[in-house]
Amino acid sequence: MTNPTLAQAPAGLTIACPACDAPTTLAPDQEAQTARCGACGGALFTGRPMTLTAARFDAHTAPGGLPLVIDFWAAWCGPCKSMAPVFEALAAEFEPHVRFAKVDTDAERALADYFRISSIPTLSFIHDHREVARVAGAMFAGDMRRWLYDALSRAQEAHAKDGAAPEPAGEDRETP
Ligand SMILES: [Zn+2]
């Protein structure tokens, strides 16, 4: 599949390591698939969703970083389980342009509350520390892919428009 959105390489972005959270800035000629973390030496892109916690949240939503899509789920949620393989497959497809992360809403109540998650599964798309799209309910691969392309386009448009100085998604919320 070719898509103009994915044709834009993430050169110059600061990539938070999916293992240790340390930031690494990719050189313009660096191939994303072979890029390693400057701190721990691990692969910056593994083709799989990472596990996100409140402690790791800021590192992976910092301005100048990758767009991040979060799957809010729980072990007891049947639709979450049926959607998990779809989310995982699309992680491999959308890397290195989007970081995929999963939040266990039972283990991470503070993050779920911060996002005011009222039903699961819910997907939230974040760029420059701001939520640009959200969708609730299980999705098939085609719908999720369309939603991701749309969210990524919106994130890139917003980024091009206002450049720096991003605002958090909520006015009265504090980062957990
Ligand atoms: Zn690392």
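## A strand wrapped up inside

Five of the six residues of β5 are buried, so this strand is largely enclosed by the rest of the structure. Keep in mind that we are looking at a predicted model. β5 covers residues 99-104, and it is a handy place to start a tour of the fold.

One neighbour of β5 is β4: the two run parallel and are joined by six bridges. Within that pairing, D71 has K102 of β5 as its bridge partner. To get from β4 to β5 the chain passes through α3, and this β-α-β crossover is right-handed. β3 also pairs with β5, again in the parallel sense, over two bridges. There, M50 stands opposite A101 of β5.

## The sheet and the overall layout

Zooming out, these pairings belong to an open sheet of five strands, ordered β3-β5-β4-β6-β7, with mixed pairing. β3 (50-51) and β7 (130-136) are the edge strands, each pairing on one side only. The antiparallel part includes β6 and β7, which are joined by six bridges. I126, for instance, has E131 in β7 as its bridge partner.

The protein as a whole has five helices and seven strands. Read from the N terminus, the elements go α-β-β-β-α-β-α-β-α-β-β-α. Of its 176 residues, 32% count as buried. Looking at contacts with a separation of 6 or more, 67% are between residues 24 or more positions apart.

## The nonpolar core

In soluble globular proteins, nonpolar side chains tend to be buried together. Which residues of the largest nonpolar core touch the most other members? They are V69, I70, F72, V98, V103, F125 and L148, out of 38 residues in that core. At least two core residues come from each of β1, β4, α3 (78-94), β5, α4, β6 and α5 (141-162). The top contributor is α3, which gives six residues.

F125 is worth a click in the viewer. Leaving out residues up to four places away in sequence, F125 touches P67, V69, E131, V132, A133, A151 and A155. V69 is itself on the list of core residues that touch the most other members.

F72, another residue on that list, leads on to F115. F115 sits in the loop between α4 and β6, yet it is buried, with 22 other C-beta atoms within 10 Å. Not counting residues up to four places away in sequence, F115 touches F72 and S124. F115 and F72 are 43 residues apart in sequence, while their C-alpha atoms are 9.7 Å apart in space.

## One side of α2

Helix α2 spans residues 54-61, and its buried residues are F57, H60 and T61. They cover an arc of only 90° around the axis, which puts them on the same side of α2.

What lies over those buried residues? The cover includes β1 (14-16), β4 (68-73), β5 (99-104), α4 (109-114) and β6 (122-127). So β5, the strand we began with, turns up here too, as part of what covers α2.

## Backbone oddities in the loops

If you plan to check the backbone torsions, a few loop residues deserve a look. The peptide bond from E95 to P96 is cis, with omega near 5°, and P96 is found in the loop between α3 and β5. Another cis peptide bond joins I120 and P121, where omega is about 0°. P121 is placed in the loop between α4 and β6, which is also where F115 lies.

The loop between β6 and β7 holds both D128 and H129. Phi of D128 is near 50°, a positive value in a residue other than glycine. H129 is not a glycine either, and its phi is positive as well, at about 65°.

Are these two buried or partly exposed? D128 is buried, with 21 other C-beta atoms within 10 Å, whereas H129 counts as partly exposed, with 18 C-beta neighbours inside 10 Å. The cut-off that splits them is 20 or more such atoms for a buried residue.

How values were computed:
Residues numbered from 1 in each chain as written. Predicted model: local features only at pLDDT ≥ 70, side-chain atom pairs only at ≥ 80, totals over all residues. Buried ≥ 20, exposed ≤ 12 C-beta atoms within 10 Å, placed from the backbone. Helix = DSSP H or I, 4+ residues; strand = E, 2+ residues; numbered from the N terminus. Arc of directions from axis to C-beta. Contact = placed C-beta atoms within 7 Å. Core = buried A, V, L, I, M, F, W, Y, C linked by C-beta atoms within 7 Å. Pairing = 2+ DSSP bridges. Right-handed = clockwise from strand over helix to strand, strands pointing away.
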